[in-house]
Amino acid sequence: MAEVISDILSLTFMQRALIVGILVSLSAALLGVSLVLKRYSMIGDGLSHVGFCTLSIAAVMNWAPLYFSIPVVVIAAFFLLHLSENGKIKGDAATALITTSSLAVGVIITSLGSGMTTDVNNYMFGSILIMSESDVRLSVILSVAVLTLFIVFYNRILAVTFDESFAKATGIRANLYKMLLSILTALTIVLGMRMMGTLLISGLIVFPALTSMGVFKRFKAVIICSAVVSVVCFIVGIFGSYIFSTPAGASVVVANLIAFTIMRTVGAVISRRR
Amino acid sequence: MSVLSVKNLSVVYDGFEAIQDLSFTLEEGDYLCVVGENGSGKSTLMKTLLGLLKPSGGEIVYDNLSSAQIGYMPQQTDIQRDFPASVMEVVLTGCLKANGRFPFFRKQVKELALKNLEKVGALSLAKKCYGELSGGQQQRVLLARALCSTEKLLILDEPVANLDPKATNELYELISKLNKEQKITVIMVSHDIRCAVLQASKVLHIDKTLLFFGDTEEYIHSSEGQKFLGHEHCLCGGDR
């Protein structure tokens, strides 16, 4: 086992994948708790599809993928949150519209360009070979930003998550914090989606939060637990994918699924004993 | 001494005039019940009082009070009923103004939260999970949270919605007690009209514009009151 681990750690692409993955899972877990509680779980999925669309455009036009993706996905995040509350088309329907239309546009652009190659497969299901030096740098900056903002505004984020109308009435600028939440989510998704895959990245947002809510009943405990669960599941998933030669993104999601099942069972046992 | 005076207030909401030319004045220690049918502008009035909507005409004047110093108890949402947070965490979200910009809660703020939990008789619940409380207990906790941001004025939106009769009576008693003992002015919007009217000392009946404003006794005998309340007597408890 120790041999396998040192094998993995000696590979440059694995080192990068681990650094980016751990930081992205950490950010996703923190943001995920608020998103799940506010019933915005599907936003991650919508945004990753927008991300797919921008990546295919960037590939065809030969643009640097992240510098094009990030602003577009941030704008999409803003629209999704805004649409889901104020628009005539409500929440889940708006997400579904954006998800399918960006997927469709992305697929058409890819087929007009290089044709349906392994690239599309990589975008859909992720690849750990894809992480570059600059991805590592960006993900470090991003996750430091997410962590700092989350700690500084923790109490306000809790207030806005729990009760937006009360927060607004007491003078907290709820819309500002919601926008902050959506921008950070967009950044996390763009960074994580090429490794995890368009179709799988929202698992990082949803699973850790639900897993820890099965056992813990205090907000702070839920947050800490989902951060830990998310990082552990990512590491287990990546190592598993190396050992069993399974796709990385899918393995991480399966690791999360196993953790979810275990913790929910534990939670059920605990609450029955009370 | 007046706490709040509303002068010729008009509010446009969603493109139509939800409130037209409304005026009334509240004195310190008043317990006002706002009644009216659905779509009569009750919620719009409340949002405007809280500073969430801007008046399109007229003005609202608070005496020594800003709209952020009102204790607000909104209706419970689905999200909250099974929210994974402790009671203390929930009450503390009402203390953000008192805490200022500092990212963590100061000691005196935590004491404020505990003091208000005690006022609503929920001190023993402080460490419990909010989502596991009964409906009545949850409302008490939300009341404590509202008290954290005010010492003068509480605005309650449908406080007894979804409560069983026993919890309803207990919550009314608690609100009356806070009103009398702490001299907190209360504005309550309620669908539980008969009981709410009998709890309150004043009634504001609106239908976009003012239909009645005055003492409860007068209201019960007025033509608007007779129409709205019907002739049945209130069967629920209370100290009137």
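**A tour of chain B: helix H7 and the S2-S1-S4 sheet**

Begin just past helix H7 of chain B, in this predicted model, by selecting B:Lys183, a residue that follows H7(B) and has a positive phi, near 55°.

Now select H7(B) itself, residues 165–181. The end C-alpha atoms of this helix lie 24 Å apart, which agrees with expectation because 17 residues at 1.5 Å a residue should span 24 Å.

Next, display the side chains of the buried residues of H7(B): B:Ala167, B:Thr168, B:Leu171, B:Tyr172, B:Leu174, B:Ile175, B:Ser176, B:Leu178 and B:Asn179. An α-helix has 3.6 residues a turn, so residues three or four places apart point the same way. To see what these buried residues of H7(B) pack against, add three helices of chain B, H5 (107–119), H6 (135–148) and H8 (193–199), together with the strands S3 (31–35), S6 (153–157) and S7 (185–189).

Then move to the open sheet of chain B, in which 3 strands are arranged in the order S2-S1-S4 with antiparallel pairing. Select S2 (16–27) and S4 (57–62) of chain B to mark the edges, where each strand pairs on one side only. On average, neighbouring strands of the sheet are turned by 15° against each other, direction ignored.

Focus now on S1(B), residues 2–13, which is joined to the antiparallel S4(B) by 5 bridges. Pick B:Val6 and look across to its bridge partner in S4(B), B:Ile60.

Finally, select helix H1 of chain B, residues 42–49, which packs on the sheet and touches S1, S2 and S4 of chain B. The direction of H1(B) makes about 120° with that of S1(B).

Note on methods. Residues are numbered from 1 along each chain as its sequence is written. Chains are lettered from A and ligands numbered from 1 in the order in which they are written. This is a predicted model: local features need pLDDT of at least 70, side-chain atom pairs count only at pLDDT 80 or more; totals for chains, interfaces and linings use all residues. Side-chain values use heavy atoms; hydrogens and water are left out. Helices (H or I, at least four residues) and strands (E, at least two) are DSSP runs, numbered from the N terminus. The expected span of a helix is 1.5 Å times one less than its number of residues. Buried means under 20% relative accessible area, exposed over 50%, partly exposed in between (1.4 Å probe, protein chains only). Contact means heavy atoms within 4.5 Å. Two strands pair if DSSP finds at least two bridges between them. Axes are lines fitted to C-alpha atoms, for helices over the stretch in contact, and angles run from 0 to 180 degrees between N-to-C directions.
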